[in-house]
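Colleague: I should be grateful for a close look at one part of this model, namely the contact between the two chains and the sheets that belong to it. Please set it out as one connected account.

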2 protein chains.
Amino acid sequence: MIQQAELISTGAELLSGRSVNTHARLLGERLDQVGISLLRDTTVPDDQAVIESCISAAATRVKLIFISGGLGPTNDDVTRDAVAAVTGRPIVMHQPALAELHERMKRAGRSITPARERQALVIDGASIWLNPAGAAPGECIEHDDAYFILLPGPPNEFEAILDTHVLPWLQQLNSGAPALRKRVLMTCGTAEGDIVDRFEKSNFPPAGIETAYCASAGRVEIRLHPIGGTSDDALDAAQEEAVRIVGPEFVYARERTSLAELLARELTARGQTLATAESCTGGLIAERLTDRPGSSAYFRGGIVAYADEIKQRLLGVSPETLATEGAVSEQVAREMASGVQARLGVDYAIAVTGIAGPSGGSAEKPVGLVFSAIAQPTGVDCYRDVFPGNRRTIRELTYQYTLMRLWQCLRDKA
Amino acid sequence: MIQQAELISTGAELLSGRSVNTHARLLGERLDQVGISLLRDTTVPDDQAVIESCISAAATRVKLIFISGGLGPTNDDVTRDAVAAVTGRPIVMHQPALAELHERMKRAGRSITPARERQALVIDGASIWLNPAGAAPGECIEHDDAYFILLPGPPNEFEAILDTHVLPWLQQLNSGAPALRKRVLMTCGTAEGDIVDRFEKSNFPPAGIETAYCASAGRVEIRLHPIGGTSDDALDAAQEEAVRIVGPEFVYARERTSLAELLARELTARGQTLATAESCTGGLIAERLTDRPGSSAYFRGGIVAYADEIKQRLLGVSPETLATEGAVSEQVAREMASGVQARLGVDYAIAVTGIAGPSGGSAEKPVGLVFSAIAQPTGVDCYRDVFPGNRRTIRELTYQYTLMRLWQCLRDKA
């Protein structure tokens, strides 16, 4: 049974500011599902000697080593050579992968060249996983009692091979492993420091349980881990105790999930609809809601009313309100929410107007001031916040808090 | 002079699927500006022994070591202890940071607790950088001829201290360093493999120049690096040669930049305006355009017309077109673009309608089929694409290609 893994991410672009490394998050999340902890991610450039030393070092610590990137057609793709050197195995042409590559190129109307054919080269003796989303296949090399897994760098190809081939294989390998016994609380609207304070004052957690936190804009995930043989009942009791101490109004879930996911499930189940009217978030809320398949079941559409004139024309906000209250005001948020609710014919609507910065703030209306309104079948609620941070953080916090309020409305009026 | 650095990112959340590590990209990009290469990012959990071994290993390779995360108030914040152990220095309370912390808590109406006060603990002898965006300060420890830089984990705090304190300090440290001499081509609409093929056929690059690539959805960045003493003139000539070989229609910039940035600059300079009408991208295009400060100068607003009825009501798409052609069709894209252009009173409008999947595809209209229309003062152009990949990739490619087409319109009709 394998319980620990490491990842080596290769690619100069991951270290030069051009790309974010999303492999570690994706792999960590998937491995967690099969009871394996990702212990380390080492991101290095496409330098064969460096990659070799990373692979050798990882092999002294764990028996499952993922290496991403560097399997493409260009001369800076050297991962295969590094693994060949470490394992002492030759590189050979994989005929089925080559045939598949020719087939792909033919379908795309492109010619096959020696550079492209390099993508069908594999380590001798590797198990090959064909790539559902691209040219270079994944490879699994069993060597010296360890597994070396080579996956292509483009995130969609990495994910496709991981889900199609690697996870089923790991599930097989680890069949019979006990499920991870942690408990989770997802919170929104209260700071990590405040949660820690409240736990300290209440002498939480009890013996036999350990807390861990993960905070991101507006959200804190709290995990309760058993120490030793703590019973499932004790874990459940501690979870309920934690909800009480944190404040049930801040807890939106007892499993790892997102507010967008919860709202999608709930609205779809009820057959109700949602629309958005956004100013300072510029489409962010609509984009996140439609990021998941099936969102058309409840999401009807949205209006990004960036200019004041658009708030009047498309949402029916009154020119008088805009003139007397200003675009960033409770009254405008309310009119935006009612306007989009009526014009798009939906059950619920969310509207936000605020100052995301860096400019545009004043003493009375500082950067970070956001009004968010939730239009429901029974009326409109409006909230005022002053969020800290830069433009991106303010937009992100606006998104989280607004979804939390809609979730509270749905839950309270269930 | 310092030319190389490493980063150690700490935090269990970065390896368990809960957060993406954005520090490496941000740090790599900023260090690049001051002529320093980020050679490695090692992401590890909040485990003091592991962090200590990573710091020691990094110190054998480079003289500038960044360590992010683990400076917060909770019991899993152990970075400070790890650095103290490696450098053999005690941890002390930093009085100005503590005073600042008390001031912050007072402003926020929160009580100060022993847990919170931990955030003002620092390594003895460190230079302290107060945190403009949060509680824990940054620290710089000069030890054994190397610099250890401790920065908080929350991305906005990491970025704030980096920009306010670390970069000016590094610029000072490295004043007099020669500028990096690479040349860049940014392309959209042609695959990395195709570029490699064309370069190979044309025997490009010439001697004394090395190519490197970074591909992401729809885009390829090509870099030309001098080998040895290659002259600036030779680099310039190679850059122009590369543009010719790749095809000038695919090259949108000769510096590292984004299409959104270019469009913002161009439209603002011309005093022209833009609006969006989105179906399959669900607000993604509007969100990206408004992600940067100053976007209100040219972006008026957008309509996310997810349901067909919304396409009629808010964009004036004719019910007959929807019935005969279907929502994913050239005609609907054209009517969406004209509709939003007229209703929002803008010079340019972009409209997209497509099938992002995973369901909803057919033989005639497969998943990935996208029509994008660009309404200009002189008329509407429409494009048909079938994009590969999953939902997220299809949405991302739609965004890139649509912006590229708008950019081509603007450039050609300049």
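**The contact between the chains and its surroundings**

Modeller: Among the contacts in chain A between residues at least 6 apart in sequence, 65% join residues at least 24 apart. The model is a predicted one. Chain A contains 14 helices and 17 strands, and its C-alpha trace spans about 75 × 60 × 40 Å along the principal axes. Of its 414 residues, buried residues make up 50%. The domain assignment divides chain A into domain 1 (4-173), domain 2 (183-253) and domain 3 (259-412). The centres of domain 1 and domain 2 of chain A, taken over C-alpha atoms, are separated by 37 Å.

As to the contact itself, 70 residues of chain B are in contact with 69 residues of chain A. On the side of chain B that touches chain A, the residues comprise 29 nonpolar, 23 polar and 18 charged.

One sheet contains strands of both chains. It is an open sheet of 12 strands, in the order β6(A)-β7(A)-β8(A)-β3(A)-β1(A)-β2(A)-β2(B)-β1(B)-β3(B)-β8(B)-β7(B)-β6(B), with mixed pairing. At its edges stand β6 (127-129) of chain A and β6 (127-129) of chain B; each has a single partner strand, so one side of each is left without a neighbour in the sheet. From one strand to the next, the twist averages 15°.

Within the chain A part of this sheet, strand β3 (residues 64-68) and strand β8 (residues 146-151) pair in the parallel sense over 5 bridges. Ser68(A) has Leu151(A) as its bridge partner in β8(A). Helix α6 (residues 155-173) of chain A packs on the sheet, where it touches β3, β6, β7 (138-143) and β8 of chain A. The direction of helix α6 makes about 135° with that of β8(A).

Towards the other chain, β1(A) and β2(A) pair in the parallel sense over 7 bridges, and Gln4(A) has Ser37(A) as its bridge partner in β2(A). Of the 8 residues of β2(A), 7 are buried, so this strand is largely enclosed by the rest of the structure. In the strand order given above, β2(A) is followed by β2(B).

Helix α1 (residues 23-33) of chain A also belongs to this region. Its buried residues are His23(A), Ala24(A), Arg25(A), Leu27(A), Gly28(A) and Leu31(A). An α-helix has 3.6 residues a turn, so residues three or four places apart point the same way. The buried residues of α1(A) pack against β1 (4-10), β2 (37-44), β3 and α6 of chain A, together with β2 (37-44) of chain B. After α1(A) comes Gly35(A), whose phi is positive, near 80°.

The chains also pair through another strand. Strand β14 (residues 299-305) of chain A and strand β14 (residues 299-305) of chain B pair in the antiparallel sense over 5 bridges. Here the bridge partner of Gly301(A) in β14(B) is Ala305(B).

Ala305(B) leads on to the core, since Met336(B) touches Ala305(B) as well as Ala277(B), Lys311(B), Leu315(B), Val317(B), Ala351(B), Thr353(B) and Ala373(B), not counting residues up to four places away in sequence. The largest nonpolar core has 148 residues, and those with the most contacts inside it are Met336(A), Ala337(A), Ala349(A), Met336(B), Ala337(B) and Ala349(B). In soluble globular proteins, nonpolar side chains tend to be buried together.

Ala349(B) lies in strand β15 (residues 348-354) of chain B. In this strand 7 of the 7 residues are buried, so β15(B) is largely enclosed by the rest of the structure. Tyr348(B), Ile350(B), Val352(B) and Gly354(B) point one way from β15(B), while Ala349(B), Ala351(B) and Thr353(B) point the other way. Strand β13 (residues 274-278) of chain B runs parallel to β15(B) and is joined to it by 5 bridges, with Thr276(B) opposite Ile350(B). Strand β16 (residues 369-376) of chain B runs antiparallel to β15(B) and is joined to it by 6 bridges. In that pairing Ala351(B) stands opposite Ala373(B), and both of these residues are among those that Met336(B) touches.

Note on methods
Residues numbered from 1 in each chain as written. Chains lettered and ligands numbered in written order. Contact = placed C-beta atoms within 7 Å. Nonpolar A, V, L, I, M, F, W, Y, C, P; charged D, E, K, R; others polar. Pairing = 2+ DSSP bridges. Helix = DSSP H or I, 4+ residues; strand = E, 2+ residues; numbered from the N terminus. Axes fitted to C-alpha atoms, helices over the stretch in contact; angles between N-to-C directions. Domains from an automatic or database assignment. Buried ≥ 20, exposed ≤ 12 C-beta atoms within 10 Å, placed from the backbone. Core = buried A, V, L, I, M, F, W, Y, C linked by C-beta atoms within 7 Å.
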